[in-house]
Amino acid sequence: MPIIDIRAQIGTSRTWGAPSGPADLLKVMTKHNMAGCVVSSTLANSCDFQTGNRRIQQEVDKQPRFLGCAVANAAQTDASIADMHKYVGAKNFAGVILTSGVPGKHVRFDECSDILNAFRRFGKVIFLEAQNRDGVAAAKEIAERFPTIKFAMLSMGGADWLNGVAAAAKTVNLYLEASGDLNPNKIKHAYEAVGPNRLLFGSNWPYSDPALTIGLIEDADISDGDKKRIFELNAIKLFGYGKPAE
Amino acid sequence: MKAQMEVVDANTFFGPSPSPATDLSLELLVKAIQNHAISRACTLSTVGFLHNWVEGNAATAAACEGKPELIPVATIDPRGFFPSSRIMEALASNRFKMVRFFPDQQDWPINYAPFTAILDQLEHAGLPVMISAARPGQATALLESAKGREIRFILTGTTYEGIAEAVEVMRKADNIFIETHSLIACGAIELIVKEVGPDRVIFGSGCPAASLAGALRQMQFADLADPDKQKILSDNIKRLLPSQA
């Protein structure tokens, strides 16, 4: 079954010894029949969003199977808005990962409203990290306050995926990206709560092997048609990615 | 991966869980093992590490009775261990095949006198010891405990941030092994095989708390030769378990 991965990062990383450059990602994509991948920069996610965003633009301009994802830092609003204007309007950019600027800390509505107001014009997707209950609550509030923007909650809320699913069930512009916790009940539970159309395959490569989340979804007690939605069709619809494979 | 490679899962458990998200029933575990053609699975009751190790071990022994696909694993909580505890009799009578420790969940350091005392009692039992070593420094502390012992130790819970420490510890002590369920970073298993070889890497899934299908797929697609995959999937753990396992 063809797959589009909506979450991967390129660049040097803390996955010591496991290569994580664009060629390495392409090799993994070929191995797992991935037609496309939304990529951000490891450096942008880590400590230098401006240099990282510039690098990602260079990579996606060379590789049609990649869609770029810029990173915005809520602690640097003006520079983040400037970067959004530089990159996000391009056809080969999917949206923005919104970070707080503090490692491990989720972004709050009061920190990012200016950035989101500037983002609205692009009609693309905002990706939000939410690794615990507070992060899920913050993501839900942000999505509710900006109902015309589509948001993807990365890792469905991490270990707190039950709360992430509950939040998405009440918030129709909040999508759930499947990487993170490998609880075998997760996908079926999310499917029953929000339906198949707001679930998206993401691997969080290189920090996680795509095989793990692929296996998780393939093993879920849902139809093959709904698995195809999660693996491919929902991403195509959300990001305008080419055409579905036959 | 060659079709129908034998798989022995070194890391499963069953029992109650405080988290509503997780069904850890024995039925679910047995069903997962059957659905994925797992030959055998090392398992223990969560009661042993969440509540009381004596009660947990009794639950493990009872659950494994009459189920040859399940390999009973004992646990001991050093915080409740006394020299009079007579663990060796308990391990032998219930035919446990491995002993597992949970310093992270139970919040004790590996350089801990009761733990050392338990190891002294286990020294000639011929049972492998699995121990969680997810935090920096824990594998290093275990190295000191492992030196000069016959016991074979299996590190579990190692993530990509702990690989360098695990590799160094395994280089220095050939009685230290590593289990795969937390090695989720892309290429992590291959890296460990490159650094220390395939003979001390042991497949584990964390089922049913974590997806067995995902763990098997990770091995299926790993950039490793089939003979090395077979070692990891079953040969290595079978070498460690008592011959009557």
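This short report walks through the confidence scores, the sheet and some helix packing of the structure above.

The model is predicted, and the predictor gives the complex an ipTM of 0.91 and a pTM of 0.94. For chain B, the pLDDT averages 94, with 98% of the residues scoring at least 70.

Let's start with the sheet in chain A. Eight strands form an open sheet with parallel pairing, in the order β1-β2-β3-β4-β5-β6-β7-β8. Its edges are β1 (3–10) and β8 (199–200) of chain A, each of which pairs on one side only. Further in, strands β5 (residues 125–129) and β6 (residues 150–154) of chain A run parallel and are joined by five bridges. Within that pairing, A:F127 has A:A152 of β6(A) as its bridge partner.

Two helices of chain A can be set beside the strands they meet:

| Helix | Strands met | Angle |
|---|---|---|
| α4(A) | β3 (66–73) and β4 (93–99) of chain A | about 165 degrees with β3(A) |
| α7 (residues 161–170) of chain A | β6 and β7 (174–177) of chain A | about 150 degrees to β7(A) |

Helix α4 (residues 77–87) of chain A also has a helical partner: helix α3 (residues 49–62) of chain A packs with α4(A) at an angle of about 5 degrees, their axes 11 Å apart. Angles under 35 degrees count as roughly parallel, so α3(A) and α4(A) are roughly parallel to each other. On the α3(A) side, the contact is made by A:F49, A:Q50, A:N53 and A:Q57, and α4(A) contributes A:A79, A:D83 and A:Y87. By class, this contact has three nonpolar, three polar and one charged residues.

Note on methods:
Residues are numbered from 1 along each chain as its sequence is written. Chains are lettered from A and ligands numbered from 1 in the order in which they are written. This is a predicted model: local features need pLDDT of at least 70, side-chain atom pairs count only at pLDDT 80 or more; totals for chains, interfaces and linings use all residues. pLDDT is the predictor's confidence in each residue, from 0 to 100. Axes are lines fitted to C-alpha atoms, for helices over the stretch in contact, and angles run from 0 to 180 degrees between N-to-C directions. Helices (H or I, at least four residues) and strands (E, at least two) are DSSP runs, numbered from the N terminus. Angles under 35 degrees count as roughly parallel, over 145 as roughly antiparallel, 65 to 115 as roughly perpendicular and the rest as oblique. Two residues are in contact if their C-beta atoms, placed from the backbone, lie within 7 Å. Ala, Val, Leu, Ile, Met, Phe, Trp, Tyr, Cys and Pro count as nonpolar, Asp, Glu, Lys and Arg as charged, and the others, Gly among them, as polar. Two strands pair if DSSP finds at least two bridges between them.
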